[in-house]
Each structure stands twice: as C-alpha cells, then as structure tokens.
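Welcome! Here is a short guided look at some charged side chains and a pair of strands. Take a moment with the picture before reading on.

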Amino acid sequence: MAPAQRCPLCRQTFFCGRGHVYSRKHQRQLKMALDRLLLQVEAARKAIRTAQVERYVPEHERCCWCLCCSCEVRKHLSHGNLTVLHGGLLEHLASPEHRKATNRFWWENKAEVHMKEKFLISPQDYARFKKSMVKGLDSYEEKEDEVIKEMAAQIREVEHSRQEVVRSVLEVGFPRRSQSTSGSARPRRGIFSTWKLERDKQDTAGVGNIHSGATPPWMVQDEEYSSGNQQIGPSYEEFLKEKEKQKLKKLPPDRVGANFDHSSSTSAGWLPSFGRVWNNGRRWQSRHQFKTEAAARNKQQSHKEKKILVS
C-alpha cells in the first residue's frame, strides 16, 4: 500500500500514490484553479504595452495567490504615493523562481503542456513593460502639472473676484472725496462734543447724569430695597418642608400611615389605629374592609377615566 499523501488542490488525503493526479477529480480541480489564476495573468498582460500609473490608495495593497509557487504575491507595484497597476504580478511572473516553480508544478500535477506558457512572462515582455512604465510615469507627471496649473488659475481667479468684491464694498460704504479735505471741511469734533455735553446737561437739569458727576442709575439703590432686611427667595425652613414633600410624593399613596396627622396632639395612652389591627373586631374583618374600600376606589377612578374619554 502506498504511503498517505496530501493533495492541496483536492484538499484530501489519498493512498493511491502518483495515480491520483490522473483522476478526474484532480484534473477538474486543477483546471478550475488555473482558470482563476489565468484571469489575473491576462489582465496583467494587457498592462505590458500600456502601463497605468495612479495615485496610491490602500486598495492597491491587495495580493493574489500564485498557484505554482504556493505563496501570496502583491498584485500592484507601489512606491511613495504612486502605484503601477499589475506591476507586482508581472515582476513575479518574470522571475526565474516562478519559472522553476511552474515547471515543477506542471510535472507534479500533469497539467496540459501548452497552458504553461500562459503563466510565464518572458524577459523581452518584461523589458517592454519597463519602457511603458517610464512613459506612464512621464504622462502622469504631465497630468499632475496640468491639474496644479488649473488649480492655481482657479485660486487666482477666486482671489481676484474676492478683491473686487471688497473694493466695491469699500467704495459704496466710504465714497472717495473728489478733492483733498481742507481744514475748514473737516468736522469740528471739539465744538460738537461740547455742544452735546451742554445739551445733555440741560435735558437732565436737576437730576444729574454721568457727565455732571452724578451716580449712574444702575448704581442707585432702590428705596424698597434700601433697608436690606428683605429676604430673597424662600427661607431655609420652607425649603426643608418642600424637600420633605417631594420625598413623600415618591412613596405609595396607599401605604400604612399615609393620612396620619403628625401635628395632632395625643395623650400618653394613644395607640395607632391606621392599620386596623387594634380596631374593634377580628383581623379578617379589617382585611375585607380594606378590600372593599380598594375596589370602590378603583371603580371611582375608572369612572373618572371614562368621563374624560367621553368628553
């Protein structure tokens, strides 16, 4: 019996020795795997004559699985902020290591011989790709220069329009004088301010203002607050009472002792009667009485709700 061997394509262990590679299942899995790799190789071959150069993005870090070498290969070739599409895959397909691994893979899996050249790149094709890559880099730099020039022209245009708008606003808000201003044309600020001060004094005669040295109105103390004894806001005792009321609102309204009057005066022999435990009669009577009152209260509340809905 042949020793156990593992087939990575079929993902199973077989004991038939080399005869497994001739089986239908193995040949079918081999053809499917080669077809998947062939799609990527054909896309890379199209880039030999016309290499495409783009700005680097994180998506250019993708890798593809080389079936012959059993390893991952970078699909694109990136340097700095530039990426040459399919450059990494073409570089790998043209390497001598890939050629050796392809020959070994074809011999081990008994693949079709005429298909092997489709997964190899000759040195002549790779040299042609290098030349097209240089041309692609030059064209990319020219396009970038054009884009920069267009952006600079747009920036200059926007800056020019902004300056025109600012100039027009200044001309409308502050018109230019046709002649140079002389001493007589300038306003007499000293006389104007003196006249305004005298007018303010006349308007507020007997009252006084800030120009005459009087106390400003916002600093004058009102008569009703002159004593200073009036308290602003509630007192501390009222605050404590309100705080206690807020605590009681959170408690259930039907609790024992909810309606008890703590301010009432009682004698020394007083006993609480809010729980009906010390009332006349047995406890089951007080329990039935409590249930009767609760049912009546619920009935009254439901009746109120119906009235609200009808209205």
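In this predicted model, the side chains of Arg167 and Glu164 meet in a salt bridge, with 3.1 Å from N to O. Both residues belong to helix α4, where they sit three residues apart, about one turn of the helix. How accessible is each partner? Arg167 counts as partly exposed, because its relative accessibility is 38%. Glu164 is partly exposed as well, with a relative accessible area of 37%.

How many salt bridges does the structure hold? There are six, and this table shows three of them, including the one you have just met.

| Salt bridge | N to O distance | Location |
|---|---|---|
| Arg167 and Glu164 | 3.1 Å | helix α4, three residues apart |
| Asp125 and Arg128 | 2.7 Å | helix α4, three residues apart |
| Asp35 and Lys31 | 3.3 Å | helix α1, four residues apart |

Side chains of opposite charge can pair when their charged atoms come close. Let us look at the partners in the other two rows. Arg128 has a relative accessibility of 41%, so it counts as partly exposed. In helix α1, which covers residues 24–45, Asp35 and Lys31 are about one turn of the helix apart. Is Lys31 buried or exposed? Lys31 counts as exposed, because its relative accessibility is 54%, whereas Asp35, at 31%, counts as partly exposed.

Helix α4 has another charged feature to explore. This helix spans residues 123–173, and Asp145 is found in it. Together with Asp138, Glu141, Glu142, Glu146 and Glu150, Asp145 forms a negative surface patch. Asp145 has a relative accessible area of 43%, so it is partly exposed.

Now turn to the strands. Strand β4 covers residues 63–66, and its side chains alternate between two faces. Which of them are buried? Cys64 and Cys66 point to one face and are buried, while Cys63 and Trp65 point to the other face and are not.

Strand β4 has a partner: four bridges join it to strand β5, residues 71–74, and the two run antiparallel. Across this pairing, the buried Cys64 stands opposite Val73 in β5. The two strands form a hairpin with four residues between them. One residue to look for here is Ser70, which takes a positive phi near 55 degrees.

Terms used
Residues numbered from 1 in each chain as written. Predicted model: local features only at pLDDT ≥ 70, side-chain atom pairs only at ≥ 80, totals over all residues. Heavy atoms only, no water. Patch = residues over 30% accessible without salt bridge, like charges linked within 9 Å, V, L, I, M, F, W, Y side chains within 5 Å. Areas by Shrake-Rupley, 256 points an atom, 1.4 Å probe, with all protein chains shown as cover. Lys, Arg positive; Asp, Glu negative; His and termini not counted. Charge placed at Lys NZ, Arg CZ, Asp CG, Glu CD. Buried < 20%, exposed > 50% of the residue type's maximum accessible area, 1.4 Å probe, protein only. Pairing = 2+ DSSP bridges.
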